[in-house]
Amino acid sequence: MSTAQANRFARSLWVTDGASGDLIPLLQSAQNSYGYVPEHAMEAIAGITGISVSEIYGVVTFYKQFRLTPRGRYIIKVCNGTACHVNGSSMLESTLEDVLGIRRGETDADQLFTLESVNCIGCCSLAPVVMINDETHGNLTPRKLTTLLKRMQREARTEAKEASDA
Amino acid sequence: MRRLCVGTATCGVAAGAGKVLEHLKTLQGEDGLDLEVTETGCIGLCFNEPLVEVREDGKRLLYGNVTPEFAERLARGDTDPEYLIRRDDEADRDGVLPRQHRIALRRCGNIDPGSLDDYRSTGGYEALEKVLTGMSPEEVIEVVSASGLRGRGGGGFPTGRKWGLAAASEADHKYVICNADEGDPGAFMDRSLLEGDPFSILEGMAICAYAIGADAGIIYCRAEYPKALVRLREAIVMAEEAGWVGDDLLGTDFSFHVKIKEGAGAFVCGEETALMASIEGKRGMPKFRPPYPAVKGLWGLPTNINNVETLANIPWIIKEGPEAFSSLGTEDSKGTKVFALAGRIQRGGLVEVPMGMTIGELVFDVGGGVPEGRTFKAVQMGGPSGGCIPASMADLPIDYKNISATGAIMGSGGIVVLDDTTCMVDMARYFLAFTQSESCGKCTFCRIGTKRMLEILERITAGQGEEEDIERLEKLAHQIQDSSLCGLGTTAPNPVLTTIRYFREEYEAHIRDKKCPAHSCSALVRFSIDADKCTGCGLCKKTCPVDAISGDRKEAHVIDEAVCIRCGKCVATCNFDAIIKD
């Protein structure tokens, strides 16, 4: 974990007055900084808000947004809203599983891709939809999605190679 | 000056509007090109996205399916009748807009949501001005009551009465909460309103605060709507700078401050008491009512909670008068309602129509019906708390009373259209899987009962259903309805009960004949290739994840049933409709 991440999280700890209503924003800040909510962040939040770590853990596990393990660089969310479901979202999910070799909730060994599902991102008229980081891709077919994934994998590999060469 | 407005709501961006906008921005400032590029929200014609409107010399031309290259041609003064959707305020090409009466959505797709000037020039903040300078809080509540507006988030509780209850509570501080935790899969009107007209929500909240005597507002918005959150944050800053949010507004002693709270992903937080628990930093679990939020709400103080669409109607009602609103709609349900049309439909999008329009009019006249060659089967209304209404009831006028009588609910207005490719048992299973995973776990029947129901439905769709399963489902459903505290539990069985009520024969086909009439449940479907239609292109062979398809190039292919895992990818890939499901 980098100093930049730790600094970013620390800043959010400085601006709070420790009110219990700040618990979820603080957890969101931890997740934005680290990509997940590490144990030490929960301890730091407990120190400031006075809420026990076990209670914080209860909140973290209640909400779907929070993760307890690191995630990949690309977060792929398959929309599983009603419109996407009747337009074949399960096929997109199995395509993703086939191409990336991971299942829902998992991250690949290179920490590149994390596969998740989301209830509805409100792009129902473009169903089926997949969200990759903050970008939404609509009207997908297994073939279009495969092409997109292969391109991302190629780019990621080139980047990794360039980084190791440099 | 030529102004190009790009529709950059989330749905537009997903269709490629971001690239169009980016490209147009590079042209700005080019010599000899007097061009202004602005963003706008969603006009609701999602099936034509990305949309660009060209405004020049008082004329407006709306184009659909715009690519960056085409946008550049438009920027340079070109026109193209083939992609022209609408001219000025005339009817659009497909006739989707003339059937509508847009009150809540009046500005979406027409103004730049990032511009307070645009908002002001379209009558924005005139209602708040009117309220602060000439109306007492009681008068405001009277107007809202007289309009007949009911809560648009799903409950349908009369808004004026709700405000009256909060106003009657004595306290030093009170809260107004805007519920923007739109969680129903298949509903996206609140997202569109927040992205397309954020100031109207702030204005609606301020009017509510004045009426009930509150001084603080909180917008609880789901984190899955990043664009809406950005728009809201910008809008609050601009409104504060211009003096529409803050202390002593318009020189009166009325002060109003607004904060945003991001939801963390829990469907149950759409329920009032769970939402407030979440704002307080706790697990979002519903509490027993009474005390109602109007008496003892957030941090123990009187609180009024309205959803986004409800609040968007408020400034219009204040300005135009309650009769203008109540003259629309039916006896039971006044005004207009925004519906999100999605699923198996030709012209999906967001429409706002007077209450009382029939299901058939909405699906066929406005939405263009189901995809070609398919048969309209049912609409799913009200999301996971709602139910499926069969095609035979297409003449039913939509209002709160009529929809409740079918066993479904109005909900937030998501309408998912289903055709003969949709299996109703799978639909019930889908929704139950949703509510089961979203149950907060507080009430035993909701927590365990939905799990048991889901197991039965999974068994039926896998071809292992038993004769008594339908009765078991009904019994569990009634127990869950009777023994759950909040709306999530009491309505969770609706999708199952309505599909049993109207599509019992589909359940029986799964259980007795081990057949899925819609050819949708993979365990009950067999795939083969029509040798007459197959051109031997080899696409399906390449797509098949288990190499179950064989055949030489330009020869008809065959599927090895023993190897086939029935994933259906070959069907989605084939360009010639050659894969048979039976």
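B:D78 sits in a loop of chain B, between helix α3 (68-75) and strand β5 (84-87). The model is predicted. Is B:D78 buried or exposed? B:D78 is exposed, because its C-beta has just 10 other C-beta atoms within 10 Å, and a residue counts as exposed at 12 or fewer. Take B:A15 as a reference point. B:A15 and B:D78 are 63 residues apart in sequence, and their C-alpha atoms are 22 Å apart in space.

Now turn to the interior. The largest nonpolar core has 216 residues. Which of them touch the most other members? They are B:V52 and B:I207. Helix α9 (residues 198-212) of chain B gives this core its largest share, 11 residues. Look at B:V52 more closely. Beyond its neighbours within four places in sequence, B:V52 is in contact with B:L4, B:C5 and B:V6. B:V20 and B:Y63 are also on the list of contacts of B:V52, as are B:V66, B:A71 and B:L74. There is also a second, separate core of 12 residues. Among its members are B:C534, B:C570, B:C574 and B:I579.

Next comes a helix with a buried side. Helix α14 of chain B covers residues 359-366. Its buried residues are B:I359, B:L362, B:V363 and B:V366. Why do these residues line one face of the helix? Seen down the axis of α14(B), they fall within an arc of 120 degrees, so they share one face. The spacing follows a general rule. An α-helix has 3.6 residues a turn, so residues three or four places apart point the same way. What covers the buried residues of α14(B)? The cover includes strands β10 (336-343), β11 (349-354), β12, β13 and β14 (414-419) of chain B. Just after the helix, B:G368 takes a positive phi of about 80 degrees.

Two of those covering strands form a hairpin. Strand β12 (residues 376-381) and strand β13 (residues 387-390) of chain B run antiparallel, joined by 4 bridges. One pairing to find is B:A378, whose bridge partner in β13(B) is B:P390. Between the strands of this hairpin there are 5 residues. B:G382, in the hairpin, takes a positive phi near 90 degrees.

Now move to chain A. It holds 7 helices and 4 strands. From the N terminus on, the order is α-α-α-α-β-α-α-β-β-β-α. Along its principal axes, the C-alpha trace of chain A spans about 50 × 45 × 20 Å. Of its 166 residues, 41% are buried. How is chain A divided? Domain 1 takes residues 3-62, and domain 2 takes residues 74-165. The C-alpha centres of these domains of chain A lie 29 Å apart. Count the contacts in chain A with a separation of 6 or more: residues 24 or more positions apart account for 60% of them.

Last, the two chains meet. How many residues does each chain bring to the contact? Chain A brings 41 residues, and chain B brings 47. On the chain A side, the elements giving two or more residues are α2 (23-34), α4 (53-62), α5 (82-86), α6 (89-100), β4 (135-137) and α7 (142-165). By class, that side of chain A has 18 nonpolar, 18 polar and 5 charged residues.

Methods. Residues numbered from 1 in each chain as written. Chains lettered and ligands numbered in written order. Predicted model: local features only at pLDDT ≥ 70, side-chain atom pairs only at ≥ 80, totals over all residues. Contact = placed C-beta atoms within 7 Å. Nonpolar A, V, L, I, M, F, W, Y, C, P; charged D, E, K, R; others polar. Buried ≥ 20, exposed ≤ 12 C-beta atoms within 10 Å, placed from the backbone. Pairing = 2+ DSSP bridges. Domains from an automatic or database assignment. Core = buried A, V, L, I, M, F, W, Y, C linked by C-beta atoms within 7 Å. Arc of directions from axis to C-beta.
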